[in-house]
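Student: I have a structure to look at for the first time, and I would like to go through it with you by asking questions. Could you show it to me before we begin?
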Number of protein chains: 2
Amino acid sequence: MSGENQELRAAGLKVTLPRVKIMQILDASEGRHMSAEDVYKALRDSDEDIGLATVYRVLTQFETAGLVMRHHFEGGHSVFEMMSEDHHDHIVCTKCGKVEEFFDEVIEAQQKIQAKAKGFTISDHSLYIYGLCKDCQ
Amino acid sequence: MSGENQELRAAGLKVTLPRVKIMQILDASEGRHMSAEDVYKALRDSDEDIGLATVYRVLTQFETAGLVMRHHFEGGHSVFEMMSEDHHDHIVCTKCGKVEEFFDEVIEAQQKIQAKAKGFTISDHSLYIYGLCKDCQ
DNA sequence: AGGATAGTGAAAACGACTTTCAAATGGTTT
DNA sequence: AAACCATTTGAAAGTCGTTTTCACTATCCT
């Protein structure tokens, strides 16, 4: 039994063709951020006849199960990426859309300090830096 | 001539009743973040018969003119706040929706360092910390 | 293998937001 | 103040991303 199947089972989800395929596509995207539409197109490209509604459903299930992470970039609509062990933030090129990831301990620590000062307990955070990448400047 | 009128003129916008009213509402909201719908409701509450389409139009114009700032909180849809001189980030309570603002020089500086390391020039950034506020824990 | 249960595709519904268009308003000119 | 014209407006229709509905199908358990 493959790793994908186990991940699905562990999340309490039946192992179905759409779910396995979508997981493979996300895995194969190697950190690239995909919209539901992107995933849908990728499925059609590999001749899988899976409806857009299912793509949305499955992505939401994966998010709930903690398998993928949903982001809201500036435009407002959602993009997804496989959940990785390590947390990271994003720096997005506003011209070509390229996304790079980074992790900064100083920023992380500083956020905790700010939250504490306001009496908040942090459950999550999102930091996006927007600008122009090397190629687009 | 009131301050609002001058701000509108300076932005190259005609001084019309909807624009003045919407600006007053945003001013009066005192840092609270309002959705287009919120503004629309506030208008109806003060017996102004201004269409939702106009609210959206005007808010977008204000954003373009640099009078208000648009944010995309977790849900994905937009909220607006009057532009303030000083930049700040947000800490949002996921239960009651309360939003507090903070500014952290260390984080700001660290972002510049990260961007430089990736070869990006920063045009903007957004940092949202999500968690539970003092009252909701 | 067979049946309960959960998952699926297609189409309709949804909600936030934008566009269209005829009517109204603001600013300017006389 | 009257007339003019470009800009702005409200209402309704249209988008677009996303969700729901529903009849059908696949998966899993025995």
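Student: How do the residues of the surface near DNA strand D divide into nonpolar, polar and charged?

Tutor: Please keep in mind throughout that this is a predicted model. Of the 25 residues around DNA strand D, those that come nearest are A:V15, A:A53, A:S78, B:G51 and B:T54. Sorted by class, the residues of this surface are eleven nonpolar, eight polar and six charged.

Student: Which element gives the most to the surface near DNA strand D?

Tutor: Elements of both chains have to be considered here, since at least two residues each are supplied by helix 4 of chain A and by helix 2 (17-28) and helix 4 of chain B. With five residues, the element that gives the most to this surface is helix 4 of chain A.

Student: Turning to the other strand, which elements give two or more residues to the surface near DNA strand C?

Tutor: DNA strand C is surrounded by 24 residues, and the closest are A:T16, A:P18, A:G51, A:T54 and B:A53. By class, this surface has ten nonpolar, eight polar and six charged residues. The elements that give two or more residues to the surface near DNA strand C are helix 2 (17-28) and helix 4 (52-64) of chain A, together with helix 4 (52-64) of chain B.

Student: What pattern does chain A follow when it is read along the sequence?

Tutor: The secondary structure of chain A comes to five helices and five strands. Along its principal axes, the C-alpha trace of this chain spans about 50 × 40 × 25 Å, and of its 137 residues 25% count as buried. Read along the sequence, chain A follows the pattern α-α-α-α-β-β-β-β-α-β.

Student: Which element gives the most to the side of chain A that touches chain B?

Tutor: The contact takes 34 residues from chain A and 34 residues from chain B. On the side of chain A, two or more residues come from each of strand 4 (99-102), helix 5 (105-118) and strand 5 (121-132). The element that gives the most, with twelve residues, is strand 5 of chain A.

Student: In strand 5 of chain B, which residue is the bridge partner of A:S126?

Tutor: The two copies of strand 5, one in chain A and one in chain B, pair in the antiparallel sense over eleven bridges. Within this pairing, the bridge partner of A:S126 is B:Y128.

Student: In chain A, which residue has the C-alpha nearest the axis?

Tutor: Chain A can be laid on chain B with an RMSD of 0.2 Å by a turn of 179 degrees and a shift of 0.0 Å along the axis. That is the relation of a two-fold axis. The C-alpha of chain A that lies nearest this axis, at 2.1 Å from it, is that of A:L127.

Student: Is A:D47 buried or exposed?

Tutor: A:D47 is found in the loop between helix 3 (36-45) and helix 4 of chain A, and its phi is positive, about 55 degrees, although this residue is not a glycine. A residue counts as exposed if 12 or fewer other C-beta atoms lie within 10 Å of its own. Because A:D47 has 6 C-beta neighbours inside 10 Å, this residue counts as exposed.

Student: How far apart in space are A:A28 and A:M82, C-alpha to C-alpha?

Tutor: A:A28 is found in helix 2 of chain A, where this residue is exposed, with 11 other C-beta atoms within 10 Å. In sequence, A:A28 and A:M82 are 54 residues apart, while in space, C-alpha to C-alpha, the distance is 9.7 Å.

Student: Leaving aside its neighbours within four places in sequence, which residues is B:V55 in contact with?

Tutor: B:V55 belongs to the largest nonpolar core, which has 25 residues, and is one of those that touch the most other members, a group that also includes B:I22, B:L26 and B:F80. The elements that give two or more residues to this core are helix 2, helix 3, helix 4, strand 2 (78-82) and strand 3 (89-93) of chain B. Once the neighbours within four places in sequence are left aside, the residues in contact with B:V55 are B:I22, B:A36, B:V39, B:Y40 and B:I50.

Key: Residues are numbered from 1 along each chain as its sequence is written. Chains are lettered from A and ligands numbered from 1 in the order in which they are written. This is a predicted model: local features need pLDDT of at least 70, side-chain atom pairs count only at pLDDT 80 or more; totals for chains, interfaces and linings use all residues. Two residues are in contact if their C-beta atoms, placed from the backbone, lie within 7 Å. Helices (H or I, at least four residues) and strands (E, at least two) are DSSP runs, numbered from the N terminus. Two strands pair if DSSP finds at least two bridges between them. A residue is buried if 20 or more other C-beta atoms lie within 10 Å of its own, exposed if 12 or fewer, and partly exposed in between; C-beta atoms are placed from the backbone. Copies are superposed by least squares on the C-alpha atoms of residues with pLDDT of at least 70 in both. A residue is near a molecule or strand if its C-beta atom, placed from the backbone, lies within 6 Å of it. Ala, Val, Leu, Ile, Met, Phe, Trp, Tyr, Cys and Pro count as nonpolar, Asp, Glu, Lys and Arg as charged, and the others, Gly among them, as polar. A nonpolar core is a set of buried Ala, Val, Leu, Ile, Met, Phe, Trp, Tyr and Cys residues joined through C-beta atoms within 7 Å.
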